[in-house]
Amino acid sequence: MTTAVLDERDQRRAEARAEALYILDTPRRVRRFESVPGTPLRPSGRARAHARPARAPSDRRRRPLLRRLVAAALVLTQVALLVLALTLPMFQVKGAQVTGLHLLRTRDVLTAAVVPRQSVFTLDTQAITRRLDALPWIESATVTTGLPASVHIAVTERAVALRIRRAGVDTLLAANGATMPVTATAAAFTIAAPPLLDGRAGSQQPLSPALIQDLATIAQHFPSVFGCQVAAYQWGVDDILSLWTSAGWKVVLGHLDTQDALAALPAQLAALAALRGSVDMLHPAFGYVDLEDPSAPAVGGAPGLPADVQAAVLAESAPTGA
């Protein structure tokens with residue numbers, strides 16, 4: 001039999017394991033309270049868990065009930081405020097203010113706008129704007145509201161492109177073809193558009209928007225190119241359209257009642273501009289420039305505005321009321 005010789009360290013480890021095994025194998029004693037006879041017992045100041053007072057069940061239910069009551073009160077308040085906003089007379093729209101008018105009449109704009117008499121909070125401003133944009137003489141409209149019950153309509157009117165005179169009656173024309181009689185309302189607005197004297201026989205059809213736009217553009221740029229203004233346009237009984245200048249001479253443009261004739265306008269104006277070096281357009285010794293054939297313009301006649309053109313130019317600055 002061989003006996004193992006342990007060194008000091010291994011021996012200490014073996015002793016520690018033996019003591020640990022002894023502690024684990026030793027049965028534990030149940031701790032029991034034992035009192036020494038004759039020794040008085042004293043109560044502890046620490047309260048036991050089962051002896052603590054229980055919270056009343058009603059306290060736990062009170063908080064959710066309170067929150068529900070507060071939420072219900074807030075909802076009722078909001079509903080009451082909404083009802084007041086919709087029904088109080090101070091918030092009921094009774095009309096509208098219109099600005100930006102020069103040609104149109106306020107009552108005509110309000111009639112087209114159809115502003116309902118209802119709460120300012122439920123007013124459909126976009127619907128009113130759409131109704132106003134449908135008017136031919138309104139280029140744009142903006143409808144805004146304010147408290148307690150104000151409605152403001154800001155209007156931008158279309159510019160007057162031409163002023164046409166037929167059988168002694170003046171009518172304003174916009175670039176989109178819209179027409180308007182020259183009324184007392186229009187008389188208060190300065191109209192910087194040349195008149196068109198329409199002497200064609202018979203019942204005439206409305207002018208095309210393309211022709212109106214071209215004539216308005218020519219009048220706008222004519223002074224910067226030729227040094228004089230367009231005094232008037234004249235459409236004769238022969239269906240020939242002419243342009244009268246403030247210097248007393250006219251430009252014969254020819255028939256402009258077809259798309260091909262309108263397409264020839266740039267070439268005619270270019271031919272007129274080419275004559276600036278050979279004729280004096282501010283102090284003319286001629287009365288007309290015929291551009292019916294742009295490749296061969298003809299110059300002749302004596303300068304001077306006819307009586308009907310002079311009367312139309314004067315009437316432009318003093319329109320008749322209606």
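User: Happy to dig into this one with you! How many bridges join E2 to E3, and do they run parallel or antiparallel?

Analyst: Glad to help, and do keep in mind that this is a predicted model. A hairpin of 3 residues joins E2 to E3. Within this pair, Thr145 stands opposite Val151 in E3. The two strands run antiparallel, and the number of bridges that join them is 8.

User: Which strand does E1 pair with in parallel, and through how many bridges?

Analyst: Two residues of E1 show the register: Gln97 stands opposite His152 in E3, and Thr99 has Ala154 as its bridge partner. The partner strand covers residues 150–157 and runs parallel to E1. That strand is E3, joined to E1 by 3 bridges.

User: What is the strand order of that open sheet of 3 strands, and why is one side of E1 and of E2 left without a neighbour?

Analyst: The sheet is open and its pairing is mixed. E1 (97–99) and E2 (138–146) stand at the edges with a single partner strand each, so one side of each has no neighbour in the sheet. From one strand to the next the twist averages 20°. The order is E1-E3-E2.

User: Which residues of E3 make up its covered face?

Analyst: In a regular strand, side chains alternate between the two faces of the sheet. In E3, the uncovered face holds Ser150, His152, Ala154 and Thr156. The covered face is made of Val151, Ile153, Val155 and Glu157.

User: Which helix lies across E2 and E3, and at what angle does it run to E2?

Analyst: The helix in question spans residues 125–133 and lies across both strands. It is H4, running at about 160° to E2.

User: Why are the buried residues of H3 on the same side of the helix?

Analyst: In H3 (residues 106–113), the buried residues are Val109, Ala112 and Ala113. They cover an arc of only 100° around the axis, which puts them on the same side of H3. Arg107 and Thr111 are exposed on the other side. As for the reason asked for, it is that arc of only 100°.

User: What covers those buried residues, and which residue just after H3 takes a positive phi?

Analyst: The cover over the buried residues of H3 includes E1, H4 and E3. Just after the helix, the backbone takes a positive phi of about 50°. The residue with that phi is Val114.

User: Let's move to the sheet of 9 strands. What is its order, and which strands are at the edges?

Analyst: This sheet is open too, with mixed pairing and the order E6-E5-E4-E7-E8-E9-E10-E11-E12. Its twist averages 25° from one strand to the next. Pairing on one side only marks the edge strands, which are E6 (179–181) and E12 (298–300).

User: How many bridges join E4 to E5?

Analyst: E4 takes in residues 160–166 and E5 residues 169–174, and the two run antiparallel. In this pair, Arg163 stands opposite Leu172 in E5. The number of bridges is 6.

User: Which element gives the most residues to the largest nonpolar core?

Analyst: The core has 35 residues, and those touching the most other members are Leu196, Leu207, Phe222, Tyr233, Trp249, Leu256 and Leu272. Elements giving two or more residues to this core include E4, E8, E9 and E10. One helix, at residues 209–226, lies across E4, E5, E8 and E9, running at about 150° to E8. That helix, H6, gives the most, with 8 residues.

User: Which residues does Trp249 contact, leaving aside its neighbours within four places in sequence?

Analyst: Trp249 is among the residues that touch the most other members of the largest nonpolar core. Counting beyond those sequence neighbours, its contacts are Phe222, Cys228, Leu243, Trp244, Leu272, Met281, Pro284, Phe286, Gly287, Tyr288 and Val289.

User: What percentage of the residues in the protein chain count as buried?

Analyst: The protein chain has 9 helices and 12 strands. Its accessible surface is about 21,200 Å², with 57% belonging to carbon and sulfur atoms. Among contacts between residues at least 6 apart in sequence, 54% join residues at least 24 apart. With buried meaning under 20% relative accessible area, the share of the 322 residues that count as buried is 31%.

How values were computed:
Residues are numbered from 1 along each chain as its sequence is written. This is a predicted model: local features need pLDDT of at least 70, side-chain atom pairs count only at pLDDT 80 or more; totals for chains, interfaces and linings use all residues. Side-chain values use heavy atoms; hydrogens and water are left out. Two strands pair if DSSP finds at least two bridges between them. Helices (H or I, at least four residues) and strands (E, at least two) are DSSP runs, numbered from the N terminus. Axes are lines fitted to C-alpha atoms, for helices over the stretch in contact, and angles run from 0 to 180 degrees between N-to-C directions. Contact means heavy atoms within 4.5 Å. Buried means under 20% relative accessible area, exposed over 50%, partly exposed in between (1.4 Å probe, protein chains only). The arc is that of the directions from the helix axis to the C-beta atoms. Accessible areas come from the Shrake-Rupley method with a 1.4 Å probe; for residues, only the protein chains shown count as cover. A nonpolar core is a set of buried Ala, Val, Leu, Ile, Met, Phe, Trp, Tyr and Cys residues joined through side-chain atoms within 4.5 Å.
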